[in-house]
Amino acid sequence: MLYWRVYEPTQRKILDHRSASVSLGDRRPDLVPVAIPAAAGIFRREISSQTMTAWHTLGLCAALAVSVLLLCGAGTFLLRIFQVKASTPFDAVLFSAATGTILLELAVSAGELAPNTRTGARIAVAITALIGFAGVPTILRALQQLCRKLLSLRGIERLLASLFLLILALQGLASLAPLTGSDALHYHFPAQALCLAEGFYAPWSLLHGFFCGLSHQLILAGLALGSGALAQGWLFFGGALGALATLRLTHLWIGGAWPWFAALAFAVTPVAFWQTTAAGAPDIWLCAFLPLCLLAILQARSNSSSSFIVLAGVLAGAIAGTKYTGIIFAAALLIGLLLAFRSVDHSSVAKIWLFFACATAVGIWPYLRNWFWTGDPVFPFLFSRMQHASPLSNQTALAAIFLDTGAAHTFSLWKLVKFPLFATVDQGHLGPWQLLGPLVLIFGPFAIWQFRKSLEGRIVLVVWFLSALGIGATSVMSRFLLPLLPIALAASLAGLALATQDHWRVLRALSWLAIGGFVFVGFAAMTVYSSAAWSVVAGRTSNENYLLANSPDYQSSEFVNREIERLGQPGRALIFFHHLYYVRVPFFDGDPEDSWEMNPALLNSSAAWIRLFARHQIRWVLKSPKYPRAVADSLARLENDGLLRPCASGDVESFSGKRIEGRRVREPITLYCVQGWPQTH
């Protein structure tokens, strides 16, 4: 009954070895794999044109619900070991969900090292599920208490709670639609599929794979179980948990309808619902880990034991391990903890060291992996400085990565000061993914005015502002502020509520009107954006038609799949388009901006190309519709010299400009056969 996307086992024989030339400085060459199995049949998946039925969707929802329950159960078991006694059933559920997910991420990270990565990941999931069974009775009791409390709500609180749960349910359904997010199709999901097929090796042909952190292990686990949809559901769970954390954090300072307004505002903020539903980006888990870590730090102040310090450290480690920018958030949380325990007595120093040790133990693994592979724990940002003059360094790729991540931006103090109030927009990367909403800008000053009066409030402001300034100083991308949105919304609306509690009734009424208007507009935008996803999940649109209409480069993927499968010969296709997830046949990524060996400085002769083709068993080259500018001239020479001859051609439809604008064009596509293709390496 479950709609599992089945990945066929690799049936083709390993074709060659994959390696990359890289200057290691003083490091031993044996620290970099010299032979990486080829991606034979990595993405061999069938995209069924059959329509999803109600049974398929219900089966997926049931599988997601059971897995979430087991994750919460595993988290409850861990909290029992840490001796964390949550003050409310709501806290218990939130902390259990987060720690159970972190346990799964760490377990899969260990399973990834197994000789057979797929088997190792499956064993990790099974162990986590078995641990989860031990905590299920406790989590069910907590959920029962929460349900009773929800049912006891009256008036506007009941209305807002019902709307909030409806929005989460709709977002959950949208997240089960076939994957269409650009970054997810480019590297979030393909990098994990590569790992399942090839094992634990450096992704030199997909450099963005070095950015994969702890939360990417949720994707690896889902794909190892044969279900990309389940992986997408786990990413949705991170967004839902972030909305619930916003609700809980706001409730620390104010009750009534305000916490529900804050949670609703987060849920319908465009960048938030985009990441929760369609983006397929594990970054959304930062929106849950960050506010919950802050909540644990605040509760640690009133708790004499070290249990909440351990919990906060584990959450901070998960934050740092999810993404490079997570280091900034974790550092801000450490400073917040220092502020919370300002005294220099032995117990305070011990708690700070305990927090740091727990955070390091949890979050260090992606950085150790990158250091082992490249000598740079945050590859390529330190590597580019150490090896900038090396002729083996792909400067085209390095420059593209710096531009893509905002690391190459020009520093401006005026731009920097806009970041804490979310008042900045990156003009070079305009898009809906930057729409964080105006509420923090409008109501943030109330938070500053109210929260400066107490130590607890100052801790919140320190974490919020230091994190935002850190993001602004390292990147111009405002969407990297998304993990701070739960804290900023909770503090802003709570500050507004406290400031207007006894006076300024007209201002309070106008504020409610503004917040309600934002929620209404955000809900309408979510409805428009997610309507196609709901249609395919409801069975009104086939998967094939949905992907043809919404997935970039899908027609190009299907063309190369069809033509190479028709030829039925061994070898790889060199492809240059960006979105790789739906390519089923063996391929090699030819994008000079994301593949280390596609170095334009070295691929400047026919002999260099022939060596590349032989090394990676490249039998075909796909031109769709043009070659990348950096290598276009040298590939055109191969065509003129007769080394590349057309063996299939056609037309495909593709997006022109930003996908959300809906402009589509038809483009020629040609598959070239490499003449004199070598049968052996």
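The lining of the second largest pocket in this predicted model consists, by class, of 30 nonpolar, six polar and three charged residues. The volume of this pocket is about 1300 Å³. Of the 39 residues that line the pocket, L143, L150, L165, L168 and L244 are the closest to its centre. Rolling a probe the size of a water molecule over the atoms is a way to show where empty space is left.

Several helices contribute to this lining. At least two residues each come from α1 (54–82), α2 (89–111), α3 (117–151), α4 (155–175), α7 (228–251) and α8 (258–268). The greatest contribution is that of α7, which supplies nine residues.

A sheet further along the chain may now be considered. Five strands make up this open sheet, and their order across it is β4-β3-β5-β7-β6, with mixed pairing. At the edges stand β4 (587–589) and β6 (644–655), each of which pairs on one side only. On average, neighbouring strands of the sheet are turned by 25° against each other, direction ignored. Strands of a sheet pair through backbone hydrogen bonds, and the pairing may be parallel or antiparallel.

Both kinds of pairing can be followed from strand to strand. The edge strand β6 runs antiparallel to β7 (residues 664–674), and 11 bridges join the two. Within this pair, V652 stands opposite E667 in β7. The strand β3, by contrast, has parallel partners: three bridges join β3 to β5, and three bridges join β3 to β4. On the side of β5, R572 stands opposite I618; on the side of β4, A573 stands opposite F587.

The strand β3 also shows how a strand may be covered on its two faces. In a regular strand, side chains alternate between the two faces of the sheet. Are the residues on the two sides of β3 buried or exposed? R572 and L574 on one side are buried, as are A573 and I575 on the other, so that both faces of β3 are covered, since buried means under 20% relative accessible area.

A helix completes this part of the picture. Helix α23 (residues 554–567) lies across four strands, namely β3 (572–575), β5 (618–623), β6 and β7. The direction of helix α23 is at about 150° to β6. Among the strands that the helix crosses are thus the edge strand β6 and its antiparallel partner β7.

Conventions: Residues are numbered from 1 along each chain as its sequence is written. This is a predicted model: local features need pLDDT of at least 70, side-chain atom pairs count only at pLDDT 80 or more; totals for chains, interfaces and linings use all residues. Side-chain values use heavy atoms; hydrogens and water are left out. Two strands pair if DSSP finds at least two bridges between them. Axes are lines fitted to C-alpha atoms, for helices over the stretch in contact, and angles run from 0 to 180 degrees between N-to-C directions. Contact means heavy atoms within 4.5 Å. Buried means under 20% relative accessible area, exposed over 50%, partly exposed in between (1.4 Å probe, protein chains only). On a 1 Å grid over the protein atoms alone, a cavity is a set of points where a 1.4 Å probe fits but cannot get out, and a pocket is an open set with protein on both sides within 12 Å along at least five of seven lines; lining residues have an atom within 4 Å of a point. Grid points are joined across faces, edges and corners, and a volume is the space filled by probe spheres set on the points. Ala, Val, Leu, Ile, Met, Phe, Trp, Tyr, Cys and Pro count as nonpolar, Asp, Glu, Lys and Arg as charged, and the others, Gly among them, as polar.
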